[in-house]
Amino acid sequence: MMKIIYLQDEDRRRERTNRRTEGTSGSFGVSSKGQMFIIASIIILVGLIMLKNIIGIYATVEEQQHQETDIADKQLINIKSEYERILGLATFSPASGLDYLSSFSSLVPGKKLYLYVRINGSAFNVTVGNFLDDKINCTLRATSSSPSEYFIGVLGSKEYATREFQALSNNINLTLSYEQQGSSIIETIPIDVSKDFIIGFFDIAIEKKGMLVRAKEIYKLR
Amino acid sequence: MSKIILPTKGMRVERENQTKKIIFFQDEDRRRNLGFSSKGYIYTLEVMIAISIILISAAFIFGKPPVKPEMELSIIKQQGFNAIEYLDQKDLLRQLNDAELENQLSSLLSSNIKLRVNNNTGLPNQTVIAVDYYISGYKGTYLGKRIRLFLWEEI
């Protein structure tokens, strides 16, 4: 008996595959294992592209932030040194120091808070200057002094207030307590009324492109 | 009874009788009969294609030099600030007027960087960087002023 089989190309391959590989089959009769390598290579390729883009952006942003922070830091040093110079100018006219500090604080950028202490014998005057762009609720306290405490209350932005103390001993601890937006901050300055003449405390913060640089400094002139 | 039909294109003839089977093979079948298998060949070929895709793509992706980031503006700003700081340390910054300051600063900065002090009129139509430096006083006199330096790169 004779059997006639008409086979097209696909049929030929299918028949060969069936004879060749038992139990495994693809659409056209070839193994699908090798195709997984091609799919994996495409996934790896996509991962490489994404990785290259992410690494490049991150490095550039970090470097720019570093540069901007460096410049902000230099500017902070500039402002601090100029405040110290103002204290030096105030030695010629201590009362004028109030105007100099207020005027300069309005000129420079950033948020500033200062304490300006002028000592005259056993009496000393303390001025609190608020340039924090926000109102504060502040209290002044001094050990071994009379009175020992002054409640200044609310001090608005770009305002300053002065109180006078009488020193009962040479060494005094002056404390400024203030509240800003719910948080309490305390700053303490040691004073020697027998030696110090003018004392300045400065809290300066400059913000540049989301980065904040801040410094606190005490200057004493004797 | 047996019957023979001559094979044509796409047709394979099997002729069977009780004792003998004659099978005509095409090229692939002939090779199979001679011991060749295409199974490993195709598998290897696909792996080689996958490796080639990765290598060629990696060569294209990482072959180009990295694009230079826009750092020039920050660097120019830093150079300007350093120049002003230097003049302040030399005690020149507070004595000189704006024109003299421009001459001094120009000599400190690169020749391709142009500048102007405290004067923002007639600036070029491109990115201009401003650097601020503050002065409180000089020799017992309160000044309370800002020196603003405008910098740009000459194209």
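**Exercise 1. A loop residue in chain A**

Task: Where is A:Lys158 found, and is it buried or exposed?

Solution:
- Start with the location. In this predicted model, A:Lys158 is found in the loop between β6 and β7 (159-167) of chain A.
- Look at the backbone next. A:Lys158 is not a glycine, yet its phi is positive, about 65 degrees.
- Set that against the usual case. Most residues other than glycine have a negative phi.
- Now take the accessibility. The relative accessible area of A:Lys158 is 52%. The cut-off for exposed is over 50%. A:Lys158 is therefore exposed.

**Exercise 2. A loop residue in chain B**

Task: What is the phi of B:Asn118, and which loop holds this residue?

Solution:
- Read the angle. Phi of B:Asn118 is near 55 degrees, a positive value in a residue other than glycine.
- Place the residue. B:Asn118 sits in the loop of chain B between β3 (113-117) and β4 (129-138).
- Check its cover. B:Asn118 has a relative accessible area of 34%. Partly exposed lies between under 20% and over 50%, so B:Asn118 is partly exposed.

**Exercise 3. A cis peptide bond**

Task: Which residues does the cis peptide bond in chain A join, and where does A:Pro147 lie?

Solution:
- Name the pair. The cis bond joins A:Ser146 and A:Pro147.
- Give the angle. Omega is about -10 degrees.
- Recall the usual case. Most peptide bonds are trans.
- Locate the proline. A:Pro147 lies in the loop of chain A between β5 (145-146) and β6 (149-155).

**Exercise 4. Two helices that pack**

Task: At what angle do helices α3 and α4 of chain B pack, and which residues make the contact?

Solution:
- Identify the helices. In chain B, α3 spans residues 72-89 and α4 spans residues 98-108.
- Take the geometry. The angle is about 120 degrees, and the axes are 10 Å apart.
- Classify the angle. Roughly perpendicular covers 65 to 115 degrees, and roughly antiparallel needs over 145. α3(B) and α4(B) are therefore oblique to each other.
- Add the hand. The crossing of α3(B) and α4(B) is right-handed.
- List the contact. α3(B) gives B:Ala83, B:Ile84, B:Tyr86 and B:Leu87. α4(B) gives B:Leu101, B:Gln104, B:Leu105 and B:Leu108.
- Sort the residues. In this contact of α3(B) with α4(B), 7 are nonpolar, 1 is polar and none is charged.

**Exercise 5. A serine facing the other chain**

Task: Is A:Ser41 buried or exposed, and which residues of chain B does A:Ser41 touch?

Solution:
- Find the residue. A:Ser41 lies in helix α2 (residues 33-90) of chain A.
- Apply the cut-off. Buried means under 20% relative accessible area. A:Ser41 is at 1%, so it counts as buried.
- Name the partners. Leaving out residues up to four places away in sequence, A:Ser41 touches B:Ala50, B:Ile53 and B:Ile54.

**Exercise 6. The two chains in outline**

Task: How many helices and strands do chain A and chain B have?

Solution:
- Count chain A. There are 3 helices and 11 strands. Their order along the sequence is β-α-α-α-β-β-β-β-β-β-β-β-β-β.
- Count chain B. There are 4 helices and 5 strands. Their order is β-β-α-α-α-α-β-β-β.
- Turn to burial. Of the 222 residues in chain A, 41% are buried. In chain B, 30% of the 155 residues count as buried.
- Finish with the surface. Chain A exposes about 12,000 Å², with 53% supplied by carbon and sulfur atoms. Chain B exposes about 10,300 Å², and carbon and sulfur atoms supply 55% of that area.

Key:
Residues are numbered from 1 along each chain as its sequence is written. Chains are lettered from A and ligands numbered from 1 in the order in which they are written. This is a predicted model: local features need pLDDT of at least 70, side-chain atom pairs count only at pLDDT 80 or more; totals for chains, interfaces and linings use all residues. Side-chain values use heavy atoms; hydrogens and water are left out. Helices (H or I, at least four residues) and strands (E, at least two) are DSSP runs, numbered from the N terminus. Buried means under 20% relative accessible area, exposed over 50%, partly exposed in between (1.4 Å probe, protein chains only). Accessible areas come from the Shrake-Rupley method with a 1.4 Å probe; for residues, only the protein chains shown count as cover. Axes are lines fitted to C-alpha atoms, for helices over the stretch in contact, and angles run from 0 to 180 degrees between N-to-C directions. Angles under 35 degrees count as roughly parallel, over 145 as roughly antiparallel, 65 to 115 as roughly perpendicular and the rest as oblique. A crossing is left-handed if the near helix is turned anticlockwise from the far one by less than a right angle, and right-handed if clockwise. Contact means heavy atoms within 4.5 Å. Ala, Val, Leu, Ile, Met, Phe, Trp, Tyr, Cys and Pro count as nonpolar, Asp, Glu, Lys and Arg as charged, and the others, Gly among them, as polar.
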